[in-house]
Amino acid sequence: MSMDFDVIVVGSGVTGGWAAKELTEKGLKVLVLDRGRPLTHGSGYTTEHTPPWKIPFGGKPLRELYARDYAVQSKSYAFDETTRHFWVKDSDYPYTQAQDAPFHWLRADVVGGKSLLWARQVYRWSDLDFEANRRDGHGVDWPIRYRDLEPWYAHVERFIGVSGQAEQLVQLPDSVFQPAMQMSVVEKAMKQRIEAQFPARRMTIGRVANLTEPLGDRAACHYCGVCQRGCSPGAYFSSLSSTLPAASRTGNLTLRANSLVEESTTTRHAGVSRACASSTRKPARVRASGRGSSFSAVPPSAACRCC
Ligand SMILES: Cc1cc2nc3c(=O)[nH]c(=O)nc-3n(C[C@H](O)[C@H](O)[C@H](O)COP(=O)(O)OP(=O)(O)OC[C@H]3O[C@@H](n4cnc5c(N)ncnc54)[C@H](O)[C@@H]3O)c2cc1C
Ligand code: SF4
């Protein structure tokens with residue numbers, strides 16, 4: 001097989017999906033490789049509206065299985081029997097941790113990555129954040145300030161769709177908003193009392209990449225409340241609902257699932273990735289080397305070492 005690509009993107013999560021969209025829309029031929037299983041937006045969300053009585057053991061944790069195979073991933077609130085198929089098996093992907101700095105590395109194993117699983121909270125940083133290092137004397141000062149990012153925040157927000165309430169707060173700049181979700185009665189009462197007691201403080205509704213109005217071919221949220229299972233109307237932002245379809249519409253996208261990239265080498269003129277198609281356990285070498293130059297996916301005879 002021989003095809004031309006300008007760019008290889010590793011991973012189809014939040015970042016990879018955006019890279020694919022922006023680059024394909026600029027006319028570049030893009031190959032996206034993801035180690036995870038393929039997933040079709042809409043029909044692929046098999047547990048989307050599964051009622052609790054249809055989930056084995058009512059969705060209670062399978063303790064022995066989780067301890068053996070999902071010791072880290074099962075720590076996430078978003079991990080359960082309706083989403084387990086989206087997460088990596090820790091027993092297949094072990095990692096080392098420093099004893100004095102352990103961390104939970106939450107990882108998806110599906111096309112779309114954690115854009116399927118995330119909680120969709122999106123807040124702009126203000127100059128209070130960008131200048132915090134310098135003011136406190138820690139780390140390195142950011143080389144950019146809010147004004148540099150402002151147009152890019154807006155560019156992203158217009159596309160992903162963010163609902164929230166404009167508040168004109170210096171410490172929390174407003175996004176490009178769709179109408180805010182309603183607060184509950186209790187939240188409204190709490191807001192009223194907090195703001196009466198502390199006039200300088202503001203309680204505001206969460207700013208989320210969940211649509212309250214339709215956007216393109218994505219429908220508004222119907223508040224079923226189990227987003228991490230996937231959303232066939234596309235009411236929350238994910239690579240599958242948003243960036244990958246946009247990239248695909250350009251005709252410049254090739255997306256390959258079950259392709260774990262083992263190695264990536266870049267030279268001045270070319271990037272080479274050694275990918276392993278984990279469904280077949282056959283390795284392949286893929287190369288992007290600038291417009292018009294050749295791409296090859298060559299299954300080498302050597303046995304795959306990466307999975
Ligand atoms: C439960 C949960 C809630 C969260 N809530 C929020 C929130 O409210 N707001 C917020 O801003 N962030 C939130 N996050 C974080 C957010 O999801 C991540 O910051 C974001 O998804 C990171 O994007 P990414 O593209 O770097 O990685 P991912 O979205 O994880 O995508 C990485 C992709 O790369 C693939 N991949 C990895 N290694 C390889 C390889 N070697 N070869 C091929 N493919 C590979 C994976 O399969 C995956 O598809 C949350 C995360 C979780 C888990
Ligand atoms: S975005 Fe709305 S409609 Fe979609 S899964 Fe989440 S709550 Fe349900």
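This is a guided tour of the structure, stop by stop, for use with the viewer open.

**Before selecting anything**

The model is a predicted one, in which local features need pLDDT of at least 70 and side-chain atom pairs count only at pLDDT 80 or more, while totals for chains, interfaces and linings use all residues. Residues are numbered from 1 along each chain as its sequence is written, and chains are lettered from A and ligands numbered from 1 in the order in which they are written.

**The whole chain**

Display the chain as a cartoon, and you should find seven helices and eight strands; helices (H or I, at least four residues) and strands (E, at least two) are DSSP runs, numbered from the N terminus. Of the 307 residues, 30% are buried, where buried requires 20 or more other C-beta atoms within 10 Å of the residue's own, exposed means 12 or fewer, and partly exposed lies in between, with C-beta atoms placed from the backbone. Among the contacts with a separation of 6 or more, 55% join residues 24 or more positions apart, a contact being two C-beta atoms, placed from the backbone, within 7 Å.

**The largest nonpolar core**

Select Ala 20, Val 30, Leu 31 and Val 32, which have the most contacts inside the largest nonpolar core, a set of 26 residues. A nonpolar core here is a set of buried Ala, Val, Leu, Ile, Met, Phe, Trp, Tyr and Cys residues joined through C-beta atoms within 7 Å. Add strand S1 (7-10), helix H1 (14-25), strand S2 (30-33), helix H7 (239-249) and strand S5 (253-256), each of which supplies at least two residues of this core, with S2 giving the largest share, four residues.

Stay on S2, where Val 30 and Val 32 on one side and Leu 31 and Leu 33 on the other are all buried, so that both faces are covered. Centre on Val 32 and, leaving aside neighbours within four places in sequence, look for its contacts with Val 9, Ser 12, Gly 16, Ala 20, Leu 253 and Leu 255.

Now show the backbone of the three strands. S1 and S2 run parallel and are joined by four bridges, and Val 9 has Val 32 as its bridge partner in S2; strands are taken to pair if DSSP finds at least two bridges between them. S2 and S5 also run parallel, joined by four bridges, and Leu 33 has Arg 256 as its bridge partner in S5. Unlike S2, with both faces covered, S5 has a covered face, Leu 253 and Leu 255, and an uncovered one, Thr 254 and Arg 256.

**Two helices**

Select H7, whose buried residues are Ser 239, Leu 240, Ser 241, Ser 242, Thr 243, Leu 244 and Ala 247; their cover includes H1, S2, helix H5 (146-160) and S5. After H7 comes Gly 251, with a positive phi near 80 degrees.

Next select helix H6 (residues 185-197). None of its 13 residues is buried, so H6 lies largely in the open.

**Ligand 1**

Select ligand 1 and its 27 surrounding residues, of which the closest are Gly 11, Gly 13, Thr 15, Gly 113 and Ala 119; a residue is included if its C-beta atom, placed from the backbone, lies within 6 Å of the molecule. H1 and strand S6 (259-266) are the elements that give two or more residues to this shell, and the largest share, three residues, comes from H1. By class the shell has twelve nonpolar, ten polar and five charged residues, where Ala, Val, Leu, Ile, Met, Phe, Trp, Tyr, Cys and Pro count as nonpolar, Asp, Glu, Lys and Arg as charged, and the others, Gly among them, as polar.

**Ligand 2 and the loop between H6 and H7**

Move to ligand 2, whose surrounding residues include Asn 210, Cys 221, Cys 224, Cys 227, Cys 231 and Tyr 236. This shell has nine nonpolar, three polar and no charged residues.

Tyr 223, also in the shell around ligand 2, lies in the loop between H6 and H7 and is exposed, with 9 other C-beta atoms within 10 Å. Its phi is positive, near 60 degrees, although most residues other than glycine have a negative phi.

Finish at Pro 214, found in the loop between H6 and H7, where Pro 214 is partly exposed, with 14 other C-beta atoms within 10 Å. Pro 214 touches Ala 219 and Ala 220, not counting residues up to four places away in sequence.
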